[in-house]
Amino acid sequence: MKDIGEILEYIEDNGVKFVKLSFCDILGRHKNVSVNASHFGEAAEGFVIDPLPFGQECGDLLLLPRPETFTPMPWRPAAGAVVSVMCRILRADGKPFGCDCGTILEDADKRFTERTGCSVRFMTESEFYIFRLDENGDPMLVPVDSAGYLDAAPRDRCENLRRDIVFNLETMGMQPLSSHHEKGKGQNAVIFRACAPYMSAVNTVLFRSAVRNIAYANGLYASFAPCPMDGEIGSNFRVVARISRAGKQADIKDAEAFACGIRAHMHEMAAFTNPVGNSYDRIALPSAPCGNGSDDRRDAVIVHGDGKVEIMFADTACNPFTALSLMLAAGADGMSGAKLPAPLPMPASLGAALDIAENSEFVARNLPDEYLKSYFAYKRRLAARTGREDVLAAGY
């Protein structure tokens, strides 16, 4: 949608009853408030919420819909249709709010172009597990099948579910490229076509929500935990940066420089790209591209000759807005000739990752103080936990 007027026309023409004003908290968790469709025009001028999701006492906040993110929610009943629109977050006086993750990413994208003269589109792949529910409807760490990489039905019992997911994503206006069964039991993956950084992050958040809802409607539970089960492969959030210069595909020199920046700052980004205790269970696995059991770091950041850089160390618990923001900033450091630190291994725990991030000039330079204050305060309360026992309770 181009503007609020088009959304209002869609609401009237399609019998929409509710509009979900959506946003993300500092962790990238999808939040929303439903307004009656008849009141959307008024709400679009600024809907007041409490700052509680951001862990701050900063007074009321305003949600302002972004029309370009409008999408139907096709898994909801056709009668009394529900739609969603992501929102910008401002302070009540109209001033910027430092914890608005969408604005953080948009600003990072602008700085990248200013520093490098290039633009980036991100293609993403998200992996997730499908588990069974118990007789009370609560999730269990019991995979829905025992299939492996690229297995087909009937061994792959998720084929129909993935088909439903892809159909729903297409109805929502997204562009999934492919889907398949991954290496783990009950593990799946969906790959998206490349798009601009902000919309790539929006698609990731809405994709996670769609997968969870569609799985639940089928009597199953979708988990985006980085490493939900002992002995099983972890779940990656794979990112491919497609770099363009002057409207044309960038050359390998640009890609190599971008990758150098990513490798140099990878350990500083870990508190955001690998943000929960369970992330470090994944990193400890020999199968992890960023595993600390090996000095071979090539699998974590791979350069392709067609201006593409494949980034493999982030996991599925990350906030895609801040993860992509830091990737852009790291890539810009590499491409602009900034002095880069020597690459270091990934931290071994969330606590270690937070120690590095809190003392990182790179992080402080590229994320707002207001955001970092809230993020570090929240994460420090969780850093002592091992992670796996909290996987289901935390909703990952």
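This is a short walk through a few helices, one strand and the nonpolar cores of a predicted model.

Let's start with the core. In soluble globular proteins, nonpolar side chains tend to be buried together. Here, the largest nonpolar core has 107 residues. Which residues have the most contacts inside it? They are Val 19, Phe 258, Phe 272, Phe 321 and Tyr 371. Apart from that core lies another, of five residues. Tyr 129, Leu 133, Tyr 221 and Met 229 are among them.

Stay with Phe 321 for a moment. Leave aside its neighbours within four places in sequence. Phe 321 is then in contact with Cys 24, Met 86, Cys 101, Gly 102 and Leu 105, and also with Tyr 198, Ala 201, Val 202 and Val 205.

Phe 321 also brings us to a helix pair. On the α8 side, Pro 320, Phe 321, Leu 324 and Leu 328 take part. On the α5 side, they meet Pro 197, Tyr 198, Ser 200, Ala 201, Val 202, Thr 204, Val 205 and Arg 208. How do we describe such a pair? Two packed helices are described by the angle between their axes and the distance between the axes. For α5 and α8, the angle is about 150°, and the axes are 9 Å apart. An angle over 145 degrees counts as roughly antiparallel, so α5 is roughly antiparallel to α8. The crossing of α5 past α8 is right-handed.

One more residue in α5, which covers residues 197-217: Ser 209. Is Ser 209 buried or exposed? Its relative accessible area is 14%. Buried means under 20%, so Ser 209 is buried. Beyond its neighbours within four places in sequence, Ser 209 contacts His 30 and Trp 75.

Next, helix α11, residues 369-382. It has 14 residues, and at 1.5 Å a residue it should span 20 Å. Its end C-alpha atoms are 20 Å apart, so the two agree. Tyr 371, from the core list, is buried in α11. So are Leu 372, Ser 374, Tyr 375, Phe 376 and Lys 379. What do the buried residues of α11 pack against? The partners are α3, α6, α8, α9 and α10.

Last stop: Cys 118, in strand β7, residues 118-133. Cys 118 is buried, at a relative accessible area of 2%. Not counting residues up to four places away in sequence, Cys 118 touches Phe 112, Thr 113, Ile 243, Ser 244, Arg 245, Asp 254 and Met 335. And Pro 197, from α5? Cys 118 and Pro 197 are 79 residues apart in sequence, and 13 Å apart in space, C-alpha to C-alpha.

Notes. Residues are numbered from 1 along each chain as its sequence is written. This is a predicted model: local features need pLDDT of at least 70, side-chain atom pairs count only at pLDDT 80 or more; totals for chains, interfaces and linings use all residues. Side-chain values use heavy atoms; hydrogens and water are left out. Helices (H or I, at least four residues) and strands (E, at least two) are DSSP runs, numbered from the N terminus. The expected span of a helix is 1.5 Å times one less than its number of residues. Buried means under 20% relative accessible area, exposed over 50%, partly exposed in between (1.4 Å probe, protein chains only). Contact means heavy atoms within 4.5 Å. A nonpolar core is a set of buried Ala, Val, Leu, Ile, Met, Phe, Trp, Tyr and Cys residues joined through side-chain atoms within 4.5 Å. Axes are lines fitted to C-alpha atoms, for helices over the stretch in contact, and angles run from 0 to 180 degrees between N-to-C directions. Angles under 35 degrees count as roughly parallel, over 145 as roughly antiparallel, 65 to 115 as roughly perpendicular and the rest as oblique. A crossing is left-handed if the near helix is turned anticlockwise from the far one by less than a right angle, and right-handed if clockwise.
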